[in-house]
Structures are given as structure tokens and as C-alpha cells.
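Hi,

Here is the structure I promised to pass on to you. Have a look at it in your viewer first, then read on with it open beside this email.

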Amino acid sequence: MNRAFAEPSVPSALTKQNQFTFWRKLRNNRTLLMMCLPAVLFFILFSYLPMPGLYLAFINYNYTDGIFGSEFIGLDNFRFLVESGDLWRLTFNTVAYNLAFILLGNALQIFVAIMLNELRSKFFKKVSQTLMFLPHFISAVLIGLIAYNILSFDYGLLNSILKSMGMEPVKTYSNPGIWPYIIILTYLWQSTGYGSIVYFAAIMGLDSEIVEAAEIDGANGFQRIRYIILPWLKPTFIILLLFSLGGVLRGNFGLFYNLVGANNTMLYSTTDIIETFVFRSLMNNFNFSMGSAVSLYQSLFGFAFVLTANWLVKKFSPDNSLF
Amino acid sequence: MQASMNVRHTDRSSLIIRIVSYVFIALLAVSCLLPFVLIVATSLTSEASILKNGFNLWPKEFSTYAYRIVFENPELIIGSYIVTLGITLVGTAVGLFLVAMTGYALQRPDFHFRNKISFFIYFTTLFSGGIVPFYLLITQYLHLKDNYLAVLLPGLLSPFLIIMMKSFTQSIPHAITESAKIDGAGDFTIFMRLILPMSTPALATIGLFIALGYWNEWYNSMLFLSPDMKYRPLQLFLYNVVTSADFIRNSAAASNVPLRDVPLESMKMATAVVATGPVILFYPFVQRYFIQGITVGAVKG
């Protein structure tokens, strides 16, 4: 703290002295620096080195000429994405799904945390929590298989039930309209139990004397939740909300890809998100430039979103801002 | 005291809330379990019954046929298990060590460069080159296509886990480090001999996060390991079984099952059970560490 204060006032005649202290700091901290070195190298290699690769977005990449031999076409990739309507669809789907995940997810997590807090039986609480966390611990592949188990036209559980009640089976995998519900439900199924821990922990931190005092004053059960627990959870909610807003342009690739299947073009209108588009342009169409253009768009807007979210965090709860 | 605990929340609305809570939580817990029951039940149902009645929560015609074929040629599944186990063990050990070392160094108040390096690491969550340049890096520049290292290396470190370790070790008083320094210990010795033994709960939590990430890893495997590889990580293997019938037909042919008798659907589910079962059995024992982890990670961000 003091050092930061002192530095601006150092006269320029002392720059040499400053350089000297820099080397001394370097030497004094050399072990700690060495301890950070593997991580720094790791992030240079896997995170920073790919960044200049975004240049791909401005060229017409072809395999034989390589990145720097391919033709430079400026913003043509972006123009194509806008004119084909792809960019709008991807943005809308990604943002809309994420907003639904964030809002519905948090609402349900708060609800579950409050309900968990009302349970008196320790055994029941333990067992139900264990079961509710279970979906979080399995792979996206298995989630896709479970969805197929329930939704498949020929054998799915859903259609077995519908048929046994004398109703017409539904063709889930060719009906784009119902996928938003399926995807959001699956997300909630997978994340609610696990996500509720944060809110549950927050409720645990609530001073029980406040609750007791309110009860002595005649607050009933609903009032206890409405006027004490919910306001108590508000800061946690705001922090989680603002943090997740930063990732609103980032999609849950595993969930979408495994639920919808690799090449189900019929469902793209409601299920295609930025990640699945980029993956396809990489693995199926080999259109590296188009994929990079979407990635660059995603990174830039994501970055702007994070800055905005951080600005909001600073405004609402200065202690929790990221930078 | 005892009496006051018992009279708490006894008005009528509290009673209603409690009943609703029990019912709602019970329903939610059961709905989290049912899909797993569905998978197991389907794997134990005869193919003929599936074709006739569809998937059900209870096998209408019980059969272990699918498992018998799966276990008759277990080579590929065992190979996948060994690959995934190997990647998970090595990745978790190395990753955990690096995360712990970096996290400790970055919270040392006397470390002059900690803020700069922290931001350098944190920035990668804000902006990234995206998957295409990453793909080209791994395949064209590092030449790791069809190499297990392509799955192992990128999963070693994550900014989130380093930040988590940072806030864990912040709770260890700096005075301990200082007194060890006075006794003549170097920074690395302090980390190895003092900090590591003192942060076992943190290490368990972060280690579990890394291990689970590797065990369920599928994205990098899918990108970098081609389906022609004989032994693929478990999740990629499962993905290939689920999406293409080739594996099932091959193993049925190896067991001399005629093509029309191949239990396609029940074998998919049996493979899923074999691939996932051990984790599910293991999971109740490690669950509390995850709760610890997410709570600490959430509070400090």
C-alpha cells in the first residue's frame, strides 16, 4: 500500500535507483517466481498463443497455404454471417438460453435451499441432498443418453407413457418448438441440487436469534421466509447474477451437443448456439475462418459483457468486484 | 434451551411450509434418481421387450444378455478404463501440485509480482482465441493429434482452481511463513513442508474437481483423438457406442451373435452402466468435499 503511494512522487533522477530495486525485487522473489513459472508458461502456451490465431477471422483460410499464405478478405466473413442470419440466430439462442438458465436456475436454487432449511430430519436431508447432487457428477455423454432414453420416438419412456394412455406419440427429435423446454428442464435437473449449496450455506450463516426474535414478535412461517430469509439471500443472488452475466455469450457445449445430436439440422433454429456452430465449422465443414469469426465476435462481446457486469458489481457491492 | 428448540416454528403456516418442503424435496430427489434407474432397467431388459414396449422403469422381460455380450469381449472397455484412469491419476497429481504451488505463491503478501501474475492468469477467462486456433495449435504446432497428451495437458490448470487455492491458503496465517523464514527455510521448502500438510482439505477439494474433470472429459478427446484409436478415454468410447452401432455389431459378431439378434438398445445402456457405475458408487464418499469446495469457492469468488 505504502509503496504504491510513494511511487508517483519519485523524481525522475532516481530512475536508475528504481531499476536497481526492480532487480533486487526480482532476486528476492526468485523462488516464488519460479513457483509461478509452470502456470505462467501453461497459460502462455494454451491461452495466449491461440489469441493471435483470431487473425483467421479475416482471411479465407485454406489448408495448403496456411494461415499467413491465405487470402486476406477483411470483414467478408462477418458480412456473410450477418447476411445469412446465422449470427443473429446464434446470438439470440445463446443469450436467451443463458438468461433462462441464470434466472430460472437461481430462482429454483433459492427455493430448494429454503425448503432444505425447513427439513428437520437429518437423515432425510442427507439422503435427498446426495440424490440431488448426483446429476452434476455424470458426463454430458450420459446426459445425452438419458435424454434419448426418455425422448426417443420408437422406444422412449415419454412415448411409452403416452401410448399406454391411448395418446399419439410425439416426434421429439424433429420438432424444434419443444427443445427450449427440454434443454432448460435438463439444465435445471442437472444443476439445481448442486447450485443450491451456495444459498443453503448462506442461510446457515443467518443468525438464529434474528429468526427467534421475529417469531416472538409474532411472525409466522411465510413472514419468516418473506421478510428475513429472502432479504438475507439478496446479496448472494446479486453477486451470482452479475458474475454469470459475464458468461452470457458462452454456451454449455456438452449439454447442447449431446442432447440434440451431432447433425440434426431440423432443430438448428432453436438449439444452435455459438459453441455448436464453431464446433461444426471446425469438425464437419472445415470452415476454420467462419468458426474463428464467430469466436472473435463471441470473445469481444463477452469481454464487453464482463466489463459491464464488473461495473455493476462495483456499483452494488464494491467488495466483490473482480478488478 | 431444549424446550425453546422444540417450540420453534409451530404456527400453522410453518407446519404447511414444512410439509410442502418434505414433499417437494422428496419429489426432486426422486426425479434426480429416476433417469439412472431407467438406464439400469433398460440394460436389464430383453431387446424384444424394448422393441415391443419401449423403455420402462422396470424391466418387463428381464435379461442379462446385453451384459454377457459386453463382458465376453471386455478388452476395449478395460482398455478405455485404463486410459481414463491413467489420464486422471497423472493429470490430478501434476495439476494439483501446480495449482497448489501457484495458488500459494500468488497469495503471499510479500510477493512483489503477485497482482501482475494474478491478472495475467485471470485475463484468460475474459478473452480467448476460441477453439479454432486452439485446435490448430494442438494439431499443427504441437503435433498432439491422437496423443493422450492432448487430453492431459490442457486440463492441468484452470484460473478458477488457482483462485480457489489462493483463497484457501489466505486463511493460513502469514506469520507461519515468516517464522519459518527466520529459521532459514526457503520459500519452496515452506510450501512443501508446511503449507501442503496444512491444506489437506483444500487439496482434497481441488483434487476432486480436477479428477472429476478428467474422468468426465470428452470434449478434448472428441477434438483430438480419432475414432480409429483403439483405446479411447471412457466417455469418448461411450459416445461412440451410443452414436454408432459399429462397436455393438462388432462385439456381437465376435460373440457369434447373428446380426438380427444384436441387442442394440440394451447394449448401449449396459455399456453406459459399466462406464459410469464405479463413479456413482464412489461418489457418496467424496460428496462432502465438493460441498466444502463450492462453498469456499463461492464465498470468496
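Below is what turned up, starting with the place where the chains meet and ending with the charged side chains. Please keep in mind that this is a predicted model.

**Where chains A and B meet**

How many residues of chain A are in contact with chain B? There are 96 of them, and they touch 99 residues of chain B. Together the two chains bury about 9000 Å² between them, and carbon and sulfur atoms give 78% of that area. If you want a few residues to click on, try A:M35, A:F137 and A:Y155: they supply 8% of the area that chain A buries against chain B, more than any other three residues.

Now for the polar side of this interface. Between chain A and chain B, 16 residue pairs are in polar contact, counting pairs with both residues at pLDDT 80 or more. Which helix gives the largest share of the side of chain A that touches chain B? That would be α3(A), with 15 residues. As for salt bridges across the interface of chain A and chain B, the count is 0.

**Two residues to look at there**

Start with A:V40, which lies in helix α3 of chain A. Leaving out residues up to four places away in sequence, A:V40 touches B:I117 and B:F120. Is A:V40 buried or exposed? A:V40 counts as buried because its relative accessibility is 17%, and the cut-off for buried is under 20%.

Then go to A:S139, in the loop between α7 (122-133) and α8 (140-151) of chain A. A:S139 is buried too, with a relative accessible area of 4%. Setting aside neighbours within four places in sequence, A:S139 is in contact with B:N216 and B:Q235. With B:Q235 there is also a polar contact, side chain to side chain, at 2.5 Å.

**Rings**

Over all chains, the count comes to 44 aromatic pairs. One of these pairs is A:Y48 with B:F120, whose ring centres are 4.4 Å apart with 15° between the planes. Why does this pair count as stacked? The angle between the planes is 15°, and planes under 30 degrees apart count as stacked. You'll recognise B:F120 from above, as one of the residues that A:V40 touches. This pair crosses between chains: A:Y48 sits in helix α3 (residues 30-48) of chain A, and B:F120 in helix α6 (residues 114-126) of chain B. A:Y48 is buried at 19% relative accessible area, while B:F120 is partly exposed at 25%.

There is also an aromatic cluster with members from both chains: A:F42, A:F43, A:F46, A:Y61, A:F288, B:F134, B:Y135 and B:F224.

Rings have charged company as well. The charged end of A:K171 sits over the ring of A:F153, 5.7 Å from its centre. In the other example, the charged end of A:R280 sits over the ring of A:Y268, at 4.0 Å from the ring centre.

**Salt bridges**

The total over all chains is 12 salt bridges. In chain A, A:R89 pairs with A:D86, and their closest N and O atoms are 3.5 Å apart. These two are about one helical turn from each other, because they are 3 residues apart in helix α6 (residues 86-118) of chain A. A:R89 is partly exposed, at 22% relative accessible area, whereas A:D86 is buried, at 16%. Both belong to a network of salt bridges that links A:D86, A:R89, A:D272 and A:R280. Yes, that is the A:R280 whose charged end sits over A:Y268.

In chain B, have a look at B:D110. Its salt bridge with B:R108 has the closest N and O atoms 2.8 Å apart. B:D110 is partly exposed at 33% relative accessibility, but B:R108 is buried at 0%. B:D110 also forms a salt bridge with B:K181, with the closest N and O atoms 4.0 Å apart. This second pair links distant parts of the chain, 71 residues apart: B:D110 is in the loop between α5 (75-107) and α6 of chain B, and B:K181 is in helix α10 (residues 174-182) of chain B. B:K181 is partly exposed, with a relative accessible area of 36%.

Have fun clicking around!

Definitions and conventions. Residues are numbered from 1 along each chain as its sequence is written. Chains are lettered from A and ligands numbered from 1 in the order in which they are written. This is a predicted model: local features need pLDDT of at least 70, side-chain atom pairs count only at pLDDT 80 or more; totals for chains, interfaces and linings use all residues. Side-chain values use heavy atoms; hydrogens and water are left out. Rings of Phe, Tyr and Trp (its six-membered ring) pair if their centres lie within 6.5 Å; planes under 30 degrees apart count as stacked, over 60 as edge-to-face and the rest as tilted. Helices (H or I, at least four residues) and strands (E, at least two) are DSSP runs, numbered from the N terminus. Buried means under 20% relative accessible area, exposed over 50%, partly exposed in between (1.4 Å probe, protein chains only). A charge sits over a ring if NZ of Lys or CZ of Arg is within 6 Å of the ring centre and within 35 degrees of the ring normal. Contact means heavy atoms within 4.5 Å. Buried area is the accessible area (1.4 Å probe) that two parts lose on being put together, summed over both. A salt bridge is a side-chain nitrogen of Lys or Arg within 4 Å of a carboxyl oxygen of Asp or Glu. A polar contact is a pair of N or O atoms within 3.5 Å; within protein, one must be able to donate a hydrogen and the other to accept it, and residues adjacent in sequence count only if both atoms are side-chain atoms.
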